[in-house]
Structure formats: structure tokens, C-alpha cells
Amino acid sequence: MAQGITREDAHSASLGALADKMGISVIELGPRRSVMSMPVEGNTQSAGILHGGATAVLGETTGSFAGLTAAPEGMVALGLDITVKHHRGVAAGDTLTCEAVCRHVGRSMATYDLLFRNGAGEITASGSHTVVFRPAPHSSKGPTVGAE
């Protein structure tokens with residue numbers, strides 16, 4: 001098991017290998033609202049538009065890190081559920097931004113509304129993401145998000 005990133009580490013932590021490969025970057029990070037973005041280029045399906053799974057990864061990363069900043073001390077936030085509805089395609093060369101806005105934070109979980117926009121500010125998808133708070137596992141391997 002790897003040590004989970006706690007809320008104290010969230011602002012300096014890596015987003016993880018998948019997020020790095022997809023080019024996801026942090027614009028704003030907080031417990032009530034977080035915003036991240038990624039390039040569409042390199043994250044497309046065969047039709048040349050953004051892959052729906054890439055949209056979900058951006059949403060889960062944004063919501064999970066928002067949840068991490070809201071987690072009680074000594075806890076990590078792990079993705080429990082994600083729903084994404086696609087409203088319009090996003091072409092290669094564009095950028096996708098995800099805003100995660102807190103709907104509820106409790107003792108054991110948090111839920112975020114997700115809103116995805118293209119570079120022109122048009123809504124391209126929407127959804128929700130729920131994280132569950134669990135005690136941070138410990139290891140000498142150093143911090144990573146969640147548990148292995």
C-alpha cells in the first residue's frame with residue numbers, strides 16, 4: 001500500500017501518472033471549488049474529437065483533488081462514483097476545462113457537480129463525482145493519491 005496524500009499535501013502533490021500523461025493541470029484547487037484543464041490533442045478517439053473517457057478522467061481528477069482538500073485530517077479521498085453526460089464534441093487543438101463545485105461534504109464523503117467547457121467557454125459535458133474519505137494508509141514509499 002502507498003501512503004495517501006492528505007489535504008495538507010494536496011497543493012504540492014503530483015496529480016498522478018495518468019493525469020500527467022493526459023496533460024491535466026491545476027487552475028484552482030480548494031474544498032468548495034476546483035478547476036483543472038487538459039489539451040484535447042492526444043486525448044482523442046478515432047473520429048478526431050475528445051474521447052469520452054478522457055473527459056471522465058479530467059472530472060474524476062478534479063473532483064477527487066477537491067475532495068482531498070475537504071477531507072478530515074488524516075484521511076484521503078477516493079473516487080466512489082462518477083457520471084458524465086456529453087453535450088457536444090470537442091475538437092483536437094482545443095482545451096477542455098472542468099469545474100468541480102461542492103454539493104455536499106460530510107464526515108465520510110463529498111459530492112461535486114462537474115461542468116466541462118471548451119476553450120470558447122461552451123458547456124460540452126456535465127456530471128457529478130462522489131468521493132469517500134478513508135484513513136490514509138502508511139508506507140515508506142512516499143505520497144501517492146489513494147491506495148494501491
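## A first look around the sheet

Glu 28 lies in strand 2. That makes Glu 28 a handy place to start a tour of this model, which is a predicted one. Is Glu 28 buried, exposed or partly exposed? At 33% relative accessibility, Glu 28 counts as partly exposed, because that value falls between the 20% and 50% cut-offs. Setting aside residues up to four places away in sequence, Glu 28 touches Arg 33, Ser 34 and Val 35. Val 35, in strand 3, is also the residue that stands opposite Glu 28. Then there's Ala 66: it sits 38 residues from Glu 28 in sequence, with 9.4 Å between the two C-alpha atoms.

Now for the pair of strands itself. Strand 2 and strand 3 make a hairpin, with four residues between them. They run antiparallel and are joined by three bridges. Another match across the pair is Val 26, whose bridge partner in strand 3 is Met 36.

Zooming out, which order do the strands of the sheet follow? Six strands make up an open sheet, in the order 2-3-5-6-7-4, and the pairing is antiparallel. Strand 2 (25–28) and strand 4 (75–86) are at the edges with a single partner strand each, so one side of each has no neighbour in the sheet. On average, neighbouring strands here are turned by 25 degrees against each other, ignoring direction. Helix 2 (residues 52–70) packs on this sheet, touching strands 3, 4, 5, 6 and 7. The direction of helix 2 makes about 145 degrees with that of strand 4.

Back in strand 3, two residues are worth a closer look. Ser 37 lies in this strand, which covers residues 33–39. Ser 37 has a relative accessible area of 10%, so it counts as buried, the cut-off being under 20%. What does Met 38 touch, once its neighbours within four places are left aside? The table gives the contacts of Met 38 next to those of Ser 37, counted beyond four places in sequence.

| Residue | Residues in contact |
|---|---|
| Ser 37 | Gly 23, Ile 24, Ser 25, Ile 27, Leu 58, Thr 95, Leu 96, Thr 97 |
| Met 38 | Met 22, Gly 23, Ile 24, Asn 43, Leu 50, Ala 54, Thr 55, Leu 58, Thr 95, Leu 96 |

Met 38 turns up again in the largest nonpolar core, which has 31 residues. Along with Ile 24, Leu 58 and Phe 116, Met 38 is among the residues with the most contacts inside that core. Helix 1 (17–22), strand 3, helix 2 and strands 4, 5, 6 and 7 are the elements that give two or more residues to it. Helix 2 gives the most, with six residues. As a general backdrop, nonpolar side chains tend to be buried together in soluble globular proteins.

And the chain as a whole? The secondary structure comes to two helices and eight strands, running β-α-β-β-α-β-β-β-β-β from the N terminus on. Of the 148 residues, 41% are buried. The chain exposes about 7300 Å², with carbon and sulfur atoms supplying 52% of that area. Among contacts between residues at least 6 apart in sequence, 66% join residues at least 24 apart.

Finally, a word on confidence. The mean pLDDT of the chain is 88, and 84% of the residues reach 70 or more. Over residues 139–148, though, pLDDT stays under 50. For that stretch the model has 23 contacts beyond four places in sequence.

Key
Residues are numbered from 1 along each chain as its sequence is written. This is a predicted model: local features need pLDDT of at least 70, side-chain atom pairs count only at pLDDT 80 or more; totals for chains, interfaces and linings use all residues. Side-chain values use heavy atoms; hydrogens and water are left out. Buried means under 20% relative accessible area, exposed over 50%, partly exposed in between (1.4 Å probe, protein chains only). Contact means heavy atoms within 4.5 Å. Two strands pair if DSSP finds at least two bridges between them. Axes are lines fitted to C-alpha atoms, for helices over the stretch in contact, and angles run from 0 to 180 degrees between N-to-C directions. Accessible areas come from the Shrake-Rupley method with a 1.4 Å probe; for residues, only the protein chains shown count as cover. A nonpolar core is a set of buried Ala, Val, Leu, Ile, Met, Phe, Trp, Tyr and Cys residues joined through side-chain atoms within 4.5 Å. pLDDT is the predictor's confidence in each residue, from 0 to 100.
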